[in-house]
Each structure stands twice: as C-alpha cells, then as structure tokens.
Amino acid sequence: MAAALGLAERGRGRTCPNPPVGCVLVKDGRVVGRGWTQPGGRPHAEAIALDQAREAARGATAYVTLEPCAHASPRGPACAGLLAEAGVARVVAALRDPDPRTDGTGLARLQAAGVTVTAGISASAARRSMTGWLTRRTLGRPLVTLKLAMSLDGCIALASGESRWITGPEARAHAHVERTRHEAILVGRGTWAADRPTLDVRLPGLEERSPQRVVLSSRHPRESGDDDVLWLDAPEQVATLAADHLLIEGGAQTAAAFLKAGLVDRLLLYRAPILIGGGMPAIAALDMTALTQAHGRWHLYDARQLGADRLEVYERTALSGEVRTTFPPG
C-alpha cells in the first residue's frame, strides 16, 4: 500500500476533477502492474495497472488507495468491473470512496464476483494524499497553501522592494516542486504589476507541470496580453477554479486577505538565515485585537533543512466554513 500511495503522489496537481489514486498489482510476491491516475482524471490507476499486467492480473492482489469506482461514466469503464473481469483474487483498498455513486458499491460488486476484499489499510495516509480532492468535495473549494519565503525577522523584501533572492537555490528548487503539485498558483495585483512573475515550473523535465496562473485584484481591471491568466475579484472566488490545489505566492495584502477569510489550509514557510530590519513584511495586518486570537490556529506538520534555509510546514488546526458536498464526473 505504501508503494501505491507513492504512485498516487505522481498524479497530485494533475488529476482534477478526479482524485490522485495509486494501484499496485502483486502476484506470487512480484509486482506485475503499477498505475496512477492520469492527467485530467483518466485513465484511472486500476486501468493502467491492469493494462500493464495483462494475463498476470489473474489471481493477483490489487492494492489501491481508493475504493475502485462502480458508477458508469462516459469518460471510462468502472474499475470494480475491470478488476473482476481481469480475475484478480483480492483487492485491498485504503479508503472507501465518499462519492455516493460508488460508496461501498465498488467493494460489494467485487465481493459478489468472488473477490476477497479488505478495506481501511493506511486510510489516514490515503486521506492525506487526497486532501485536495476531499476539500473540494466537502468545502466546495480547493485546498489552499500559502507559501512565504522570508528572513528570520519576517521580511519578504528590502524596503525598496528588492527580493531576489531571499532564499538559496535548494529552497527555490523545493518551491518549484511544490508548484508541480498544484493546479493553480495565485498572486495579488500588486505583485503581478511590480514583478511580472512567470509563476511557472523551471525544473528540467517538469516544465509541462506549470500551474494555471491566477491574479487577485479587487480594484484594477485585467491588463492586455494576459489572456492565459485568470483574474479573481475576491478570495472566495477560488471556489470557481478548476483546481483541487491552489498555491498562493504573494504578496502581503493577498496573504492577509486569504488568512482573514479563513481560506488558508497549509503554510509553507521558507526561512533564510538573514536579518533585514525595516523591510517589507510577509503578511499585512490581520486586524486582531488580542493575542489570544492568534493562538491555537496552526500546528507544525513538517520541518527540514534545505541548504542554508529552513522549511516549516504548518497545517490549520481546524477547518471552518459551510460544508458542501459535490462530486466530479468520474
């Protein structure tokens, strides 16, 4: 299952409107098929793995990170049916599919076909790997990550606006990997006008995974020549994006706007071992009236050294907002 979860990560940021799923087929102690959800959501992971295994799938065990789909779709066949027809002996699913068109039906169909079914293996890890998709399903918007590259004293640039470069090459490369894991990337109108950031992926071999560029602007009209850029008037409009993962990269006013709206789920803080003093702050005022309002909102999930810089990943302690359940075409 760990291998299947690793494969699922290859699809993150590319499978919307479907979840990133991984599948491994094992027979006689040997892997005979591997697959992960392809760009745009099809083919599904199970279909890829079965196509690779062919006749070797008969009698094999399928490890899949999400319950195989059971509903009919014009985009492709139901995976529960494909697995049964291929003659797999056992299916181990990490997470039950919350889509009511499949929820439990995929496993039941497999059992009815004589396939041994086990569910709930590594469910927490699978849920985390599909957090973006699940956030879209429950909150009606993408999972939002705020990325900040700053000095030890919380500045993102000199007072003059000079910001290249706050962090070193290792941290910048890691930030580009993060871009590949998001369908969309957003900056504020001020950052867009001042820096004209390309917001693409500049790592060899991964250039095609550059996310959709988005600009937040409440007062200024869009500029000519930006036909491939989406413009939003308010943070809440991220719900309209065709994305399960959104990365916010600047600036201070935009960061504050999303934080005040309660729309940030994850923080990526890249800290450089430098002091600026009197520079531009990473986040504008959040209009708090007491320090108690700041406590208990975030918990540290991960921390690591990237060259001379330090990365800290924080996750929001509790989600808030109206819960709406929607599902993709399948």
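This passage describes the sheets, the helices that lie across them and the nonpolar cores of a predicted model. Residues are numbered from 1 along each chain as its sequence is written, and side-chain values use heavy atoms, with hydrogens and water left out. Because the model is predicted, local features need pLDDT of at least 70 and side-chain atom pairs count only at pLDDT 80 or more, whereas totals for chains, interfaces and linings use all residues.

An open sheet of five strands (strands, E, at least two residues, and helices, H or I, at least four, being DSSP runs numbered from the N terminus) has the order 2-1-3-4-5 with mixed pairing, where two strands pair if DSSP finds at least two bridges between them. Its edge strands are strand 2 (30–36) and strand 5 (116–119), each of which pairs on one side only, and the twist from one strand to the next averages 15°; axes are lines fitted to C-alpha atoms, for helices over the stretch in contact, and angles run from 0 to 180 degrees between N-to-C directions. Strand 3 (residues 61–66) and strand 4 run parallel and are joined by five bridges, with Thr61 opposite Arg90 in strand 4. Helix 4 (residues 105–112) lies across strand 4 and strand 5, at about 155° to strand 5, contact meaning heavy atoms within 4.5 Å.

The largest nonpolar core, a set of buried Ala, Val, Leu, Ile, Met, Phe, Trp, Tyr and Cys residues joined through side-chain atoms within 4.5 Å, has 35 residues; buried means under 20% relative accessible area, exposed over 50% and partly exposed in between (1.4 Å probe, protein chains only). Strand 4 (residues 90–95) gives the most to this core, with five residues. Val88, among the residues with the most contacts inside the core, touches Leu25, Leu50, Ala57, Gly59, Ala60, Leu83 and Val115, residues up to four places away in sequence not being counted. A second, separate core of 22 residues includes Leu146, Val238, Val264 and Leu269.

An open sheet of eight strands has the order 10-9-8-11-6-12-15-14, again with mixed pairing. Strand 10 (229–232) and strand 14 (298–306) each have a single partner strand, so one side of each is left without a neighbour in the sheet. Six of the six residues of strand 11 (residues 245–250) are buried, so this strand is largely enclosed by the rest of the structure. Strand 11 pairs in the parallel sense with strand 6 (residues 143–151) over four bridges, and four bridges also join strand 11 to strand 8 (residues 184–188), again parallel.
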